[in-house]
Amino acid sequence: MQRTSTLLAVLSIAGLTLLGCDQQQPPAEQDTASPDAHAHEDHEAHDHHEGESDGGVHGGPKHELGSTEVGPYAVTVTQVGAVEAGGPGTFEIVLDDEAAAPEAIRAWVGNEQAVGSVKVRAVDRGDFFDADLQVPDPMPEESRLWVEIQTDDGQRHTGSLDLQ
């Protein structure tokens, strides 16, 4: 009798488990925070980038945005491809003087306060820092590429360049 009860219990659990597998999983939670909630968040760049081959090599036309001073660094930036509201934005950031490597480089497209934008930490690819961004939709008026460099002492310096 006990063997039968145990067997029925195991079969019931197995049956419920199989039924549960057929049910659709609930949708992933969506972030419903206002765009301002993301203004100062840092998001680590991921290793896989759509439309790019291994090693951070980007396809598409390259547009030199120029150079600017960001704290103690001279920075030169190349935009890869077009930048459109709601789409991806790819940038190659080169430090003209790497005597003291920074703690972090972050970038975003939008206004200086990053309202409605997501800051992304650029990945060091050896020859350049790779910043694969999500461009806000809608883009704020007079949007620019902003580069923030955090030095070893924790200070953050920002600079910007016009987009192509």
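## Strand 5 and strand 6

In this predicted model, Thr76 has Val94 of strand 6 as its bridge partner. Val75 is likewise matched with a residue of strand 6, namely Leu95. These pairs belong to the contact between strand 5, residues 73-80, and strand 6, residues 88-95, which run antiparallel and are joined by 6 bridges.

## Strand 5 and strand 4

Strand 5 also pairs with strand 4, again in the antiparallel sense, over 8 bridges. Within this pairing, Gly66 stands opposite Val77 of strand 5. Strand 4 and strand 5 form a hairpin with 2 residues between the strands, where Gly71 adopts a positive phi near 60 degrees.

Of the 8 residues of strand 5, 7 are buried, so this strand is largely enclosed by the rest of the structure. Here, buried means a relative accessible area under 20%.

## The sheet

Strands 4, 5 and 6 belong to an open sheet of 5 strands, whose order is 4-5-6-10-9 and whose pairing is antiparallel. Its edges are strand 4 (62-70) and strand 9 (123-124), each of which pairs on one side only. In a regular strand, side chains alternate between the two faces of the sheet.

## The chain as a whole

The chain contains 1 helix and 12 strands. Read from the N terminus, the helix is followed by the strands.

Of the 164 residues in the chain, 37% are buried. Among contacts with a separation of 6 or more, 60% involve residues 24 or more positions apart. The chain exposes about 10300 Å², of which carbon and sulfur atoms supply 51%.

Conventions: Residues numbered from 1 in each chain as written. Predicted model: local features only at pLDDT ≥ 70, side-chain atom pairs only at ≥ 80, totals over all residues. Heavy atoms only, no water. Pairing = 2+ DSSP bridges. Helix = DSSP H or I, 4+ residues; strand = E, 2+ residues; numbered from the N terminus. Buried < 20%, exposed > 50% of the residue type's maximum accessible area, 1.4 Å probe, protein only. Contact = heavy atoms within 4.5 Å. Areas by Shrake-Rupley, 256 points an atom, 1.4 Å probe, with all protein chains shown as cover.
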